[in-house]
Amino acid sequence: MSLSELNAISPIDGRYRSKVNELAPYFSEEALIKYRVLVEIEYFIALCEIPLPQLTGVSKDVFEELRGIYQNFSTEDALIIKKIESITNHDVKAVEYFIKEKFDALGLSEFKEFIHFGLTSQDINNTAIPLSIKEAVENVYIPEYHVIFKKLKELSKDWANVSMLARTHGQPASPTRLGKEIEVFVVRLEQQFATLKNIPNAAKFGGATGNYNAHHVAYPNIDWKAFGSKFLKETLGLHHSYPTTQIEHYDHMAALFDNLKRINTILIDLNRDIWTYVSMDYFKQSIKAGEVGSSAMPHKVNPIDFENSEGNLGIANALFEHLSAKLPISRLQRDLTDSTVLRNVGVPFGHTLIGFKSTFKGLNKLLLNEAKFEADLEQNWAVVAEAIQTILRREGYPNPYEALKGLTRTNEKINHASISNFISTLDVSNTIKEELNRITPSNYTGI
């Protein structure tokens, strides 16, 4: 059976594949194999640049040909490696054998035993996977993040002067402005993104138990730790975790996943707020010809984009939570649980991408219903009681809170007239009464 969107088990490889295609070069099986090949090739070149005595015969002219092995890596190459793996039953060893065949073809057979020299498979996996995550974040995640961030910044400015009745505990509260409420999310996202940029992309590199045992016994006069740090930093752009066991300790990767989870949580909060505003009729939604909102109720235009985003970001967070909680834990010098878990790294990124795109789509469909904003403010004159009692406090008026409580904490409707009548009974100057009468639900919105 060939894989299609109809028989894929995961919706990110089925129904939603078109929304996450750009992640395939980083998180697919083929991508992982390619990144392993990249690390192996660059490691061999780095050994030549030391240079190891046995590699002085490798001309620098061949380096670009070697890099071409991963730069021109194809699906056919990946299938060859998978075929080798079916015999070796070891994925990284299969990559090594594949590269050795390439060395034979390039006339480099005498040097091929320095492929994977002194390494364990985790030196490849724990560099290939962090590198793929780093590049996926830089090339896919961050651009998508900026799309939605830019949209929210635009809306916060567009709606800066839209007065709105606030609701705390679901009840009418001191008025605010719609743009400011969107700006809350802008600033929250901005702060978490600043944290994200400061998390190192860390990798392990140091042999079977992280001590460069094999390297040191073969070439005791080379500073292998300095070599490893330089290789990771300058060649791969990764931070060198040292010391480690056989595997990367994943603390920085866990921090990354926790940070991505917090950004998703902020967007879930946004989705729920916008969903609620739609239900309150603060927003209408643009209608697309031919779309159906309900199989039974023709009138419905549902806020499905925000619901879709909330659901996908929730799945992403559950997986990010497991990854960040599980990966830093390994029995003694290593167990294999990290390996099977890491194969799923692309899944929460996929659901996150779907969530981002759905929120952005939903925001673009919003139509401001200013009449509803104004009507809600007009129907809730009681919210100016806070302003009145605060000015009365300033003027030394006796028991102002209690006076306003007696007026407003009833089941009777408070309106402009009842507020105005109350102000007229106050024992204050006409200047203060004029000041109080200028306060309305629409202009009592703070700074």
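Here are some exercises, each with a worked solution, on the predicted model shown above.

**Exercise 1. A helix in its surroundings**

Work out how the span of helix α14 fits with its number of residues, and how many of its residues are buried.

*Solution.*
- Step 1: find the helix. α14 runs over residues 346-364, which gives it 19 residues.
- Step 2: look at its span. From first C-alpha to last, α14 reaches 27 Å, close to the 27 Å expected at 1.5 Å a residue.
- Step 3: check burial. A residue counts as buried when its relative accessible area is under 20%. In α14, 14 of the 19 residues are buried, so the helix is largely enclosed by the rest of the structure.

**Exercise 2. Empty space inside**

Find out how many cavities of 30 Å³ or more there are, and describe what lines the largest cavity.

*Solution.*
- Step 1: count. There are four cavities of 30 Å³ or more.
- Step 2: take the largest one. Its volume is about 80 Å³.
- Step 3: go round its walls. Among the lining residues are Leu32, Arg36, Asp91, Gln122, Tyr250 and Arg343.
- Step 4: trace them to elements. α3 (29-49), α7 (121-158) and α13 (337-342) each supply at least two residues of this lining.
- Step 5: sort by class. The lining of the largest cavity has four nonpolar, three polar and four charged residues.

**Exercise 3. The second largest cavity**

Say which elements line the second largest cavity and how its lining splits by class.

*Solution.*
- Step 1: get the volume. The second largest cavity holds about 70 Å³ of space.
- Step 2: look at the lining, which includes Pro130, Ile133, Met253 and Leu256.
- Step 3: name the elements. Two or more lining residues come from each of α7 and α11 (251-279). The largest share, three residues, belongs to α11.
- Step 4: sort by class. This lining has six nonpolar residues, two polar and one charged.

**Exercise 4. Follow Ile133 into the core**

Ile133 lines the second largest cavity. Now see what part it plays in the largest nonpolar core, and what it touches.

*Solution.*
- Step 1: size up the core. It has 134 residues, and the largest share of them, 15 residues, comes from α7.
- Step 2: pick out the residues with the most contacts inside this core. They are Leu66, Ile133, Phe257 and Phe349.
- Step 3: list the contacts of Ile133. Skipping neighbours within four places in sequence, Ile133 is in contact with Phe27, Met253, Leu256, Phe257, Val345 and Phe349.
- Step 4: join the two lists. Phe257 and Phe349 are among the core residues with the most contacts, and both are in contact with Ile133.

**Exercise 5. An open pocket**

Describe the second largest pocket: its volume, its centre and its lining.

*Solution.*
- Step 1: the volume. About 530 Å³ of space lies in this pocket.
- Step 2: the centre. Out of 22 lining residues, Phe27, Ser28, Glu29, Arg343 and Gly346 are the closest to it.
- Step 3: the elements. α1 (17-20), α2 (24-27), α3, α7 and α14 each give two or more residues to the lining.
- Step 4: the classes. The lining of this pocket has 12 nonpolar, six polar and four charged residues.

**Exercise 6. Buried or exposed?**

Decide whether Lys100 and Phe149 are buried or exposed, and find what each one touches.

*Solution.*
- Step 1: Lys100 sits in helix α6 (residues 91-105). Its relative accessible area is 11%, so Lys100 is buried.
- Step 2: beyond four places in sequence, Lys100 is in contact with Lys112, Glu113 and Ile115.
- Step 3: Phe149 belongs to helix α7. With a relative accessible area of 10%, Phe149 is buried too.
- Step 4: not counting residues up to four places away, Phe149 touches Val186, Leu189 and Glu190.

**Exercise 7. Backbone oddities**

Locate two cis peptide bonds, then look at His116 and His169, which have positive phi values.

*Solution.*
- Step 1: one cis bond joins Ile50 and Pro51, with omega about -5 degrees. Pro51 is in the loop between α3 and α4 (63-71).
- Step 2: another cis bond joins Tyr242 and Pro243, with omega about 0 degrees. Pro243 lies in the loop between β4 (239-241) and α11.
- Step 3: His116 has phi near 65 degrees and is found in the loop between α6 and α7. At 12% relative accessible area, His116 is buried.
- Step 4: His169 has phi near 60 degrees and is in the loop between β1 (163-168) and β2 (171-177). At 80% relative accessibility, His169 counts as exposed.

How values were computed. Residues numbered from 1 in each chain as written. Predicted model: local features only at pLDDT ≥ 70, side-chain atom pairs only at ≥ 80, totals over all residues. Heavy atoms only, no water. Helix = DSSP H or I, 4+ residues; strand = E, 2+ residues; numbered from the N terminus. Expected span 1.5 Å × (residues − 1). Buried < 20%, exposed > 50% of the residue type's maximum accessible area, 1.4 Å probe, protein only. 1 Å grid on protein atoms, 1.4 Å probe; cavity = no way out; pocket = protein on both sides within 12 Å on 5 of 7 lines; lining within 4 Å. Points joined across faces, edges and corners; volume = space filled by probe spheres on them. Nonpolar A, V, L, I, M, F, W, Y, C, P; charged D, E, K, R; others polar. Core = buried A, V, L, I, M, F, W, Y, C linked by side-chain atoms within 4.5 Å. Contact = heavy atoms within 4.5 Å.
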